[in-house]
Amino acid sequence: MSSRRRFYARPLLATAASIAVLTGVAATAPAATPTTPTTAGSSSPAATLDDTYYQDALGKTGTALKSSLHSIISEQTTLSYSQVWDALKATDEDPANSSNVILLYTGRSQSKSENGGDTGDWNREHVWAKSHGDFGTATGPGTDIHHLRPEDVQVNSTRGNKDFDNGGSAVSGAPGNYTDGDSFEPRDAVKGDVARMILYMAVRYEGDDSFADLEPNDSVSNGSAPNIGRLSVLKQWSQEDPPDSFEQNRNEVIFDQFQHNRNPFIDHPEWVEAIW
């Protein structure tokens with residue numbers, strides 16, 4: 001697979017977004033504001049989480065950290081697949097237009113009511129492809145909104161069940177996205193989001209329920225195995241695209257209103273390296 005493309009920093013993305021607005025192109029998702037992870041003992045909300053929600057995970061690394069986080073985030077409310085529609089209308093609401101959602105790969109702001117299966121609609125994209133573990137739309141990984149996102153029907157189909165990696169040809173209707181026969185590369189503004197969603201799934205679903213043990217690996221073309229790659233690229237994406245205000249707000253909405261669990265890699269991006 002080609003690795004010809006380089007990841008560009010957010011200032012370039014912000015400039016491109018400004019040009020798009022001036023020229024009448026559909027709006028993209030809000031530009032990320034890099035954040036510095038906070039530590040326990042400060043007065044920030046993250047410190048409060050460390051004193052409460054994450055207290056059993058602090059000071060751990062590797063498998064011990066992963067195990068602790070699994071226990072923490074497995075305490076959740078589950079949704080039906082039909083309930084996911086309404087949940088996504090809240091979690092992915094456009095901050096500039098409460099009638100719209102922001103689509104993950106295209107970055108397009110689109111009416112919440114234009115959801116369905118027709119061309120031009122948005123539907124429910126499983127970022128951890130449901131065939132990678134054969135969980136379908138069953139309540140559990142198939143309805144976990146930490147990795148379900150609104151996306152254009154056709155772009156969702158183009159991504160299909162491909163693994164994630166750099167390179168490929170431009171995706172029609174989704175500027176900044178690339179694909180080839182075995183992988184998909186999302187636009188720069190959501191590369192880290194995709195990585196952290198994948199790694200959340202790997203911690204949440206460990207095979208101790210009726211579902212497969214989901215694990216990232218450094219391969220592509222994983223097919224129906226309960227794996228998704230490419231781990232080395234996902235780690236790079238998470239580092240180069242830190243959580244922004246949109247992603248952080250989404251985590252809060254899921255925690256407060258729907259599943260009542262969190263994606264720990266949004267709150268503590270440094271835990272990606274601590275585990276993998």
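## Strands β1, β2 and β3

In this predicted model, Ile102 has Ser109 of β3 as its bridge partner. This pair belongs to the junction of β2 with strand β3 (residues 109-111), where 3 bridges join the two strands in an antiparallel arrangement. The two strands form a hairpin with 6 residues between them, and in that hairpin Gly107 adopts a positive phi near 75°.

Strand β2 also pairs with β1, again in the antiparallel sense, through 2 bridges. Here Glu93 stands opposite Val101 of β2. The hairpin formed by β1 and β2 has 2 residues between the strands. In general terms, strands of a sheet pair through backbone hydrogen bonds, in either a parallel or an antiparallel manner.

## The four-stranded open sheet

A separate heading is given to the open sheet of 4 strands, whose order is β6-β9-β8-β7 and whose pairing is mixed. Its edge strands are β6 (163-164) and β7 (169-170), each of which pairs on one side only.

Within this sheet order, β8 stands next to β9. Strand β8 (residues 178-179) and strand β9 (residues 183-185) run antiparallel and are joined by 2 bridges. Tyr178 stands opposite Glu185 in β9.

## Helix α4 and its packing

Helix α4 spans residues 81-91, and its buried residues are Tyr81, Val84, Trp85, Ala87, Leu88 and Thr91. These buried residues pack against several elements: the strands β1 (93-94), β2 (97-102), β4 (122-126) and β5 (148-152), together with helix α8. The hairpin partners β1 and β2 are thus among the elements that the buried residues of α4 pack against.

## Arg250 in helix α8

Arg250 lies in helix α8 (residues 245-258). Is this arginine buried or exposed? Arg250 counts as buried, because its relative accessibility is 4%, and the cut-off for a buried residue is under 20%.

The side chain of Arg250 makes a polar contact of 2.8 Å with the side chain of Asp92. Beyond its neighbours within four places in sequence, Arg250 is in contact with Leu88, Thr91, Asp92, Ile145, His146, Leu148 and Arg149. Two of these partners, Leu88 and Thr91, are listed among the buried residues of α4.

## Gln76 in the loop before α4

Gln76 is located in the loop between α3 (62-73) and α4. With a relative accessible area of 18%, Gln76 is buried, since the cut-off is under 20%.

Which residues does Gln76 touch, apart from those up to four places away in sequence? They are Asp144, Tyr200, Arg204, Tyr205, Gln259 and Asn261. With Arg204 there is a polar contact between side chains, at 2.4 Å. Gln76 and Phe255 are 179 residues apart in sequence, yet their C-alpha atoms are 8.8 Å apart in space.

## Crossing of α3 and α6

Two packed helices are described by the angle between their axes and the distance between the axes. The axes of α3 and helix α6 (residues 191-204) come within 8 Å and cross at roughly 90°. The two helices are therefore roughly perpendicular to each other.

On the α3 side, the residues involved are Lys66, Leu69, His70 and Ile73, which meet Tyr200, Ala202, Val203 and Arg204 in α6. By class, the contact comprises 5 nonpolar, 1 polar and 2 charged residues. Tyr200 and Arg204, which take part in this contact, are also touched by Gln76.

How values were computed
Residues are numbered from 1 along each chain as its sequence is written. This is a predicted model: local features need pLDDT of at least 70, side-chain atom pairs count only at pLDDT 80 or more; totals for chains, interfaces and linings use all residues. Side-chain values use heavy atoms; hydrogens and water are left out. Buried means under 20% relative accessible area, exposed over 50%, partly exposed in between (1.4 Å probe, protein chains only). A polar contact is a pair of N or O atoms within 3.5 Å; within protein, one must be able to donate a hydrogen and the other to accept it, and residues adjacent in sequence count only if both atoms are side-chain atoms. Contact means heavy atoms within 4.5 Å. Two strands pair if DSSP finds at least two bridges between them. Axes are lines fitted to C-alpha atoms, for helices over the stretch in contact, and angles run from 0 to 180 degrees between N-to-C directions. Angles under 35 degrees count as roughly parallel, over 145 as roughly antiparallel, 65 to 115 as roughly perpendicular and the rest as oblique. Ala, Val, Leu, Ile, Met, Phe, Trp, Tyr, Cys and Pro count as nonpolar, Asp, Glu, Lys and Arg as charged, and the others, Gly among them, as polar.
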